[in-house]
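The following exercises concern a single protein chain. Please examine the sequence and the model, then work through each task before reading its solution.

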Amino acid sequence: MFAGQKMAVALVATALAMVSTGAISQEADASLDTCRQLQDRIERLDARRKGGGSAQKMDQWKRQRQVYKDQFDALRCRHWGNQLR
């Protein structure tokens, strides 16, 4: 291989490694429908927690809500704004 080809291969390998580890953020935003589904799931869990339950269930719902909230934030659903309501 030539020196230029080795450099190109090294750059591609580095870029692929960065993408697979999440070092490069994803540019794609979620669709309005996907964001609505996540928001509905979050609101349902909020309603369950307000209704009460065992400590174990409350913790489980809280952890699951955080998972959905992290997805909502990662997909940048906030840009849909009032269309989510």
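**Exercise 1.** Determine which residues Lys69 is in contact with, leaving aside its neighbours within four places in sequence.

*Solution.* Step 1: locate the residue; Lys69 lies in helix α3, where helices (H or I, at least four residues) and strands (E, at least two) are DSSP runs numbered from the N terminus. Step 2: apply the contact criterion, heavy atoms within 4.5 Å. With neighbours within four places set aside, Lys69 is in contact with Ile42 and Arg78. Step 3: classify the exposure of Lys69. Its relative accessibility of 18% makes Lys69 buried (buried means under 20% relative accessible area, exposed over 50%, partly exposed in between, with a 1.4 Å probe and protein chains only).

The model is predicted: local features need pLDDT of at least 70, side-chain atom pairs count only at pLDDT 80 or more, and totals for chains, interfaces and linings use all residues. Residues are numbered from 1 along each chain as its sequence is written, and side-chain values use heavy atoms, with hydrogens and water left out.

**Exercise 2.** Establish how many salt bridges a search of the whole structure finds, and characterise each pair.

*Solution.* Step 1: fix the criterion, a side-chain nitrogen of Lys or Arg within 4 Å of a carboxyl oxygen of Asp or Glu. Side chains of opposite charge can pair when their charged atoms come close. Step 2: count; the search of the whole structure gives 2 salt bridges.

Step 3: examine the pair Asp46 and Arg65, whose side chains meet in a salt bridge at 2.5 Å, N to O. This pair links distant parts of the chain, with Asp46 in helix α2 (residues 32-51) and Arg65 in helix α3 (residues 55-74), 19 residues apart. Asp46 is partly exposed at 25% relative accessibility, and Arg65 is partly exposed at 23%.

Step 4: examine Lys69 and Asp73, whose closest N and O atoms are 3.1 Å apart in a salt bridge. About one helical turn separates Lys69 and Asp73, because they are 4 residues apart in helix α3. Asp73, at 38% relative accessibility, counts as partly exposed.

**Exercise 3.** Describe the volume and lining of the largest pocket.

*Solution.* Step 1: define the object. On a 1 Å grid over the protein atoms alone, a pocket is an open set of points where a 1.4 Å probe fits, with protein on both sides within 12 Å along at least five of seven lines; lining residues have an atom within 4 Å of a point. Step 2: the largest pocket has a volume of about 230 Å³, a volume being the space filled by probe spheres set on the points, which are joined across faces, edges and corners.

Step 3: identify the lining, which includes Asp46, Arg65 and Lys69, and also Ile42 and Arg78. Helix α2 gives the most to this lining, with 4 residues. Step 4: sort by class; there are 3 nonpolar, 3 polar and 6 charged residues in the lining (Ala, Val, Leu, Ile, Met, Phe, Trp, Tyr, Cys and Pro count as nonpolar, Asp, Glu, Lys and Arg as charged, and the others, Gly among them, as polar).

**Exercise 4.** State what is unusual for a residue that is not a glycine in the backbone of Arg76, and where Arg76 is placed.

*Solution.* Step 1: Arg76 has a positive phi of about 55° although it is not a glycine. Step 2: Arg76 belongs to the segment after α3. Step 3: with a relative accessible area of 36%, Arg76 is partly exposed.
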